[in-house]
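Here are a few short exercises to work through with the model open beside you. Try each task before you read its solution.

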Amino acid sequence: MNASQTIIAGNNAPAAAQLHWQPLCGRADLVANSGVVAWLDGAQVALFYLPETAQGEQLFAIDNRDPKSGANVIGRGLIGQIAGELVIASPLYKQHFRLHDGSCIEYPEQRLDVWPVRLKGDLVEIAV
Amino acid sequence: MNTTVFPLNDVKTLIVVGNGMVGHHCVEQLIAGGALERYRIHVFGEETQRAYDRVHLSEYFTGRDAESLAMSEMSVYEQPGLTLHLGVPVLEIDRDRHEIITAEGCFGYDKLILATGSYPFVPPIEGARGNSRLVYRTLEDLDSIRYAASKARRGVVVGGGLLGLEAANALKSLGLEAHVVEFAPRLMPVQLDDLGGAALKARIEALGVGVHLSRATQSISDGKQYRYRMNLANDEFLETDLIVFSAGIRPQDALARQCELALGPRGGIAIDEHCRTSDADIYAIGECAAWNGSVFGLVAPGYQMARGVAAQLCEQDTDAFFGADMSTKLKLLGVDVGSIGDAHGALAGAVSYRFIDEATASYRRLVVSADGKQVLGAVLVGDNSYYDTLLQYAQNGIPLPADPSSLILPRGEGAPTLGADALPATATICSCHNVSKGAVCSAIDNGCTDLAAIKSCTKAATGCGGCTALLKQVFEHELAARGVAVDKSLCEHFAHTRQELYSMVRVEGIETFDELLTRHGKGAHGCDICKPAVGSILASCWNRPITEPSLVPLQDTNDTFMANMQKNGTYSVVPRIPGGEITPDGLIAIGAVAKKYDLYTKITGGQRIDLFGAQLHELPDIWSELIEAGFETGHAYGKSTRTVKSCVGSTWCRYGVQDSVAMALRIEDRYKGLRSPHKLKFAVSGCTRECAEAQSKDVGVIATENGWNLYLCGNGGMRPRHAELFATDLDDETLVRYIDRFLMLYIRTADKLQRTSVWRESLEGGLDYLKAVIIDDSLGLATELESQMQLVVDRYECEWANALKDPEKLKRFRTFVNDGRADPDVQFVKERAQRRPAKPEELALIPLFKEVV
């Protein structure tokens, strides 16, 4: 296992030691620079994997449900960067959510949950 | 800096009573005018919230909170010399002692501004109390309405004026069944005439809001089905759970009455043209003031008064107030309503033109002077795109065109909209902040180079926002007139237009987004504007499978999954049916797939079959079966060639003169898979009867005795445009060559998401130029364009067939990568023997079954 590949996303994430990590899916399930969705005990987690960023390899876990449409589609959105921040554009109504904390650029009242997530060897692990 | 220092004892005290929109605007103007050098200012507000935007009050129910409705940052009121007292009503004014009296004590003043606004008038009706006597004026009122609505099914608004309809909208957005009860025989009796009121009523009723006119509420008692019963005249009644009164406003002049200032004949604090009351040290502005006996219940005149008083107190020049233009345009319950000047045609000799469209409940009335030279007023219901032009005619006395009715008739080509260049420098662009075209021009001359700078510098379009489009027009026109290039950057990552990026890709042979970004862009990731645009350019040039790993992240969801996402996150699937020709076995195969996967099935306008309701993980299976049956992808998801519609032509039809189906098949086979700035639609008709509707397509072909006539750049949709006749009596080969050249020229030079029709209208030189380039090869491009098209044609491969061959590419087509289940939130109900997405209110009715293994 390569410690340098461990990434923790999510704003205000508690210290890594306190988190309870559990495996979510395999690294091979991810699609580079795009999204896939994983099932997490009733929740739907959209995973966005960016192999090359200024901060190195990055992985984000964010709620799959689009609050505007009520449909579970965020994982099928388009990754982009707006004013330096990595965002995901919802595929239905195109509003943007910041990947690091789930906040919405256009509608402050919309906010998506984010989870701490990391790559550990061939596994994607999530903290709940 | 040149600062004048006043001795301390020279600083006087100015008190502003009221912190609504107008009071706040006055304070802003006072600060801007340097009043804090002369006065210490105390502002008293009765509400606990600092000034907020009452014009957009209903947005409080659709997500905006009090803070986001606030007119300014709190810091505005935290400057030295300025004190804001919120939640402190002024109880009395002692004019002799020059003092106001509040619960916090007495405050002396040298000058006093009353901006106390108005209050909602509630007619004295027996039984009106609590939830049957709500009003719609302040945030607190809205909190009360929200609370009452939480236990209610139905709500009634008494009063069908502007505010009443806003309130009805608010009830609707709270999920209530909304009704409006109006005493007058029409809605918005002040702003609209009878026909306008009728059109508005039809539109609002179509939205599910009950409208009850000529009804007077006599008393309110307990209801049976609902909490209250409103007893109307003639033994009619209406039951409801809450009642909001919006039967007009009254000026809040209680303080003026108490200290015996002169009042208007129908209430309101009497003011002269300088907003002075009968006491020389007291001013009144906004809805509490009455000039010439009239109270002005709009924000623009209030702002005008506020500006005037602030200027006087700062010893600056100002225009006197001689009444105000009450023209207004709004969106009420989503319906455009506009009223300009003499909307009722009341002036002597006024002549009216009227346009009525009962099909869409649109109405427009133009009132002109007896000599037919000037616009006096107008009424608009259903479409406010006419408002700006009409208002400019009315306000600036611009002479009318020979046929004034053209100003309100539906616009064909070349309708006389008033261009930005036709406006005089004195023309008012923004009436809320009194910004003229001249002021916009001088802001540009002083260095404003984008719209946001113009707005913050002149304040134009920051009031009601109604002039935004006009401001943009004037701004762009003036920039162009000054030879300044308008910023046409694609986005923050590329300071280039789509055309420029296209030639970089083409000339430098760039095949990936990353390469283009590294060479010509900024940042490392791009965004949802540039990625699909570049993805489309790469496809137009090189036509590589869009499922390649380097291309996948560029595509919008529809292209990524090669299907059309619908509102509930499921997809629709459209197999290609070239020319609309299909065998019975083909129909059966599609039917079998639709049946197996329980897909909602509908025939499209492009002679194909759309299959709705497939989940992500079902798409590969559905497509394997369709491809097995001989189908290809229809590209219904792409900005690309869609369909070639055709009639049966000379093969079957007694009128047909050419084989239109064969030509449609040839065209569709050649251009299928071609990606372009926007979607492309084609049609081929076998004779001049034009059953394939080719003249509404990007490329239309109509058979003649001698060959084919080619029509270009038409479209249906939101803004239909007839295609133009481009060339006549072409043989098959020439026809295809011309289409090759045309499509590649369009792909090369159009803007992102620009249809051929809009592209054609923006072409300098117009149709003649297009003919010169395509037919006469005036630019020497013809061979190049044809060979570029040939490359795209040669590289065609069905994207779905390509993806199905590659397990790596199919990995994405899983609803959950770690679980085989379907999305449990996707729910359907049956309607007309097929399934459709469940509506939110139906979700509770669907029984949830646990899967038993």
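**Exercise 1. Confidence in chain A**

Task: Find how confident the predictor is in chain A, and which stretch has pLDDT under 50.

Solution: The model is predicted, so begin with its confidence. The average pLDDT of chain A is 86, and 87% of the residues score at least 70. Next, look for the weak stretch: residues 1-14 of chain A stay under 50, although the model has 31 contacts beyond four places in sequence for them. Where pLDDT is low, the predicted coordinates should not be read in detail.

**Exercise 2. The nonpolar cores**

Task: Which residues have the most contacts inside the largest nonpolar core?

Solution: Start with the core itself, which has 89 residues; A:A38, A:L47 and A:I62 have the most contacts inside it. Helix α14 (residues 530-542) of chain B gives this core its largest share, seven residues. Another core, of 73 residues, lies apart from it and includes B:A289, B:A306, B:V309 and B:V474. Now go back to A:L47: leaving out residues up to four places away in sequence, A:L47 touches A:L30, A:G35, A:V36, A:A38, A:L59, A:A61 and A:V124.

**Exercise 3. A hairpin in chain A**

Task: Work out how β9(A) and β10(A) run relative to each other, parallel or antiparallel.

Solution: Strand β9 (residues 117-120) and strand β10 (residues 123-127) of chain A are antiparallel and joined by four bridges. One of the partnerships sets A:L119 against A:V124 in β10(A). Two residues lie between the strands of this hairpin, and A:G121 has a positive phi near 60 degrees.

**Exercise 4. A helix in chain B**

Task: Is helix α7(B) mostly covered or mostly uncovered?

Solution: Take the length first: α7 (residues 299-313) of chain B has 15 residues and reaches 21 Å from its first C-alpha to its last, close to the 21 Å expected. Then count burial: 13 of the 15 residues of α7(B) are buried, so with a cut-off of 20 or more other C-beta atoms within 10 Å the helix is mostly covered. After α7(B) comes B:E315, with a positive phi near 55 degrees.

**Exercise 5. An open sheet in chain B**

Task: Which strands stand at the edges of the five-stranded sheet?

Solution: Read the order, β32-β33-β34-β35-β36 (chain B), in an open sheet with mixed pairing. β32 (641-646) and β36 (724-730) of chain B are the edge strands; each has a single partner strand, so one side of each lacks a neighbour in the sheet. Neighbouring strands are turned by 15 degrees against each other on average, direction ignored. β32(B) runs parallel to β33 (residues 680-685) of chain B, with four bridges between them, and B:S646 stands opposite B:V684 in β33(B). Finally, add helix α18 (residues 660-671) of chain B, which lies across β32, β33 and β34 (699-704) of chain B at about 175 degrees to β32(B).

Definitions and conventions:
Residues numbered from 1 in each chain as written. Chains lettered and ligands numbered in written order. Predicted model: local features only at pLDDT ≥ 70, side-chain atom pairs only at ≥ 80, totals over all residues. Pairing = 2+ DSSP bridges. Axes fitted to C-alpha atoms, helices over the stretch in contact; angles between N-to-C directions. Contact = placed C-beta atoms within 7 Å. pLDDT = per-residue confidence, 0-100. Core = buried A, V, L, I, M, F, W, Y, C linked by C-beta atoms within 7 Å. Buried ≥ 20, exposed ≤ 12 C-beta atoms within 10 Å, placed from the backbone. Expected span 1.5 Å × (residues − 1).
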